[in-house]
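Open the model in your viewer and keep the selection box handy. We will hop from one element to the next, and at each stop you will learn what to select and what is there.

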Amino acid sequence: MSEIVKKPIGITETILRDAHQSLIATRMPTDLMLPILDKMDKVGYHSVECWGGATFDASLRFLKEDPWDRLRKIRDGLKNTKTQMLFRGQNILGYRPYADDVVHNFVQKSVANGIDIIRIFDCLNDLRNLQAAVDATNNIKKTEGRGHAQIALSYTLGDAYTLDYWTKMAKQIEEMGADSICIKDMAGLLVPYKATELISAMKSVTKLPIQLHTHYTSGVASMTYLKAVEAGVDVIDCAMSPFALGTSQPATEVMAETFKGTPYDPGFDQNLLAEIADYFRPYRDECLANGLLNPKVMGVDIKTLLYQVPGGMLSNMVSQLKEQNAEDRYYDVLKEIPEVRKDLGEPPLVTPSSQIVGTQAVFNVLMGERYKMATKETKAVLRGEYGQTVKPMSQEVIDKVIPGEKRITCRPADLIENEMDKLEAEMKEWKQQDEDILSYALFPQVATDFFKYRQAQQEKVDMTQADTANNAYPV
Ligand SMILES: [Mn+2]
């Protein structure tokens, strides 16, 4: 009798990052996370994704929290579990390309403050934009023995995105010195049988572990995971049930139960998972009651397969249109998105390309004429400042938006001079830790407002007297 070979799958828990980014615009505060870390630490997760993406921006901007402080506290609470962050390649956690010295510094500080696994992606899948972050992680690994560089490919559909494309990318990633590969499916576009094909093809060309990240938006995600696991994927991303499904991930409890008693069994304790779910459920109810959790993002939206809009972008778009009293244009904007995407070289839609394409689509619809107004970022993409797209961009749009301007073809960061010293000089009056320079680098205005708030708090300003709407704090 042959023995069944066990191959327990790893599960990355996303409730502290992507799940709340996708469902409640990244508003979960640190204080809500800390009391449950002890239980989460006992589950046996492959990792807990807890930082990066929009968490950094939302902490500073809306929650008035220091994101570095959040990271240190989570690190303290997760003594036996690897922490994971999402990193936007040369754009770090911001919306523009940065110089290499900022990328190196940010990676170094992320690991120093508690990150184990850095998932690095580029919104155009231009691998040149990932090399600096991978090198930075590998340098730290050499000196500190900690740090794992995972390169994520932004999964998308389109003529250029064939199995041949994905396997070539996998081989290049291995050559770049990454520790693992992630297929990052922001919008839930990977359907179950395509997952079998994709994972089998990638597994045949690389020995690196492969992790799959998807969203429930189109309703197929748990089936996609099942097929991917059968095809040999090593790790899947899930969220605890109170913040699962909809534009978030498949539920952790459900996936763990699905594989129970099979060679893929992750061996989780359902009673422990139930306690963690019980902890988060009242917060979900609170978010539903105060409107932070909009039922619109909780159902199945099969049109995402057509429009390819990632979860975080959907909830942002709904609130953008709400502000403009233009909620009725929701489906017009959804239709314009693939058109703008084609104009810009058919990139994947993931931050910041998703924001750039989404905002431009909103402009194109609300202005009544396409590209009557182009954002600064749309112009930068057209100039090549974000890197190379898989397909060429529309010459007609280039001529309309940036007539006669010079376009670049090199690695964009090669044209950006080191900027740490300049950034530090600009913000030194607020600096209380080296990490503050990096917060300022990513979000100059938002970070400065936060530094003012922090100082007012430290000087014990009566907050009832502070004019927080105008960021004025009587000192
Ligand atoms: Mn995601």
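Select Ala 221, Ser 222, Thr 224, Tyr 225, Lys 227, Ala 228 and Val 229: these are buried residues of helix 10. Here a residue is buried if 20 or more other C-beta atoms lie within 10 Å of its own, exposed if 12 or fewer, and partly exposed in between, with C-beta atoms placed from the backbone. Helices (H or I, at least four residues) and strands (E, at least two) are DSSP runs, numbered from the N terminus. Helix 10 spans residues 221–230 and is mostly covered, with seven of its ten residues buried. An α-helix has 3.6 residues a turn, so residues three or four places apart point the same way.

A word on the model before moving on: it is predicted, so local features need pLDDT of at least 70 and side-chain atom pairs count only at pLDDT 80 or more, while totals for chains, interfaces and linings use all residues. Residues are numbered from 1 along each chain as its sequence is written.

What covers the buried residues of helix 10? Show helix 9 (192–205), strand 7, strand 8 (235–238) and helix 11 (252–258), which are included in that cover. Then click on Gly 232, which follows helix 10 and has a positive phi near 110°.

**Into the barrel**

Now colour the strands. Eight of them form a closed barrel in the order 1-2-3-4-5-6-7-8, with parallel pairing. On average, neighbouring strands of this sheet are turned by 30° against each other, direction ignored. Two strands pair if DSSP finds at least two bridges between them.

Stay with strand 7 (residues 210–213). Ile 210 and Leu 212 point one way from this strand, Gln 211 and His 213 point the other way, and all are buried. Add strand 6 (residues 180–184), which pairs with strand 7 in the parallel sense over four bridges. Opposite Leu 212 of strand 7 you will find Ile 183.

Next, select strand 3 (residues 83–87) and strand 4 (residues 117–121), a parallel pair with four bridges. Which residues stand opposite each other here? Phe 87 faces Ile 120 of strand 4, and Leu 86 faces Arg 119 of strand 4. Strand 4 is mostly covered, with five of its five residues buried. Ile 117, Arg 119 and Phe 121 point one way, whereas Ile 118 and Ile 120 point the other.

**Around helix 21**

Move to helix 21 (residues 444–458) and add helix 4 (residues 55–63): their axes come within 9 Å and cross at roughly 50°. Axes are lines fitted to C-alpha atoms, for helices over the stretch in contact, and angles run from 0 to 180 degrees between N-to-C directions. Helix 4 is therefore oblique to helix 21. By the convention used here, angles under 35 degrees count as roughly parallel, over 145 as roughly antiparallel, 65 to 115 as roughly perpendicular and the rest as oblique.

To see the contact, display Asp 57, Leu 60 and Arg 61 of helix 4 with Val 446, Ala 447 and Phe 450 of helix 21. Two residues are in contact if their C-beta atoms, placed from the backbone, lie within 7 Å.

Swap helix 4 for helix 20 (residues 435–442), which packs on helix 21 at an angle of about 135°, with the axes 5 Å apart. Asp 436, Ser 439 and Tyr 440 of helix 20 make the contact with Pro 444, Ala 447, Thr 448 and Phe 451 of helix 21.

**Single residues to click**

Is Leu 273 buried or exposed? Leu 273 is buried, because 22 other C-beta atoms lie within 10 Å. This leucine is found in helix 12 (residues 270–290). Leaving out residues up to four places away in sequence, Leu 273 touches Val 43, Thr 252, Glu 253, Ala 256 and Phe 268. Try a distance label, too: Leu 273 and Leu 288 are 15 residues apart in sequence and 22 Å apart in space, C-alpha to C-alpha.

Ile 92 is found in the loop between strand 3 and helix 6 (100–112). Its phi is near 55°, a positive value in a residue other than glycine. Ile 92 is buried, with 24 other C-beta atoms within 10 Å.

For the last stop, select Thr 351 and Pro 352, which are joined by a cis peptide bond with omega about 0°. Pro 352 lies in the loop between helix 15 (330–343) and helix 16 (353–366).
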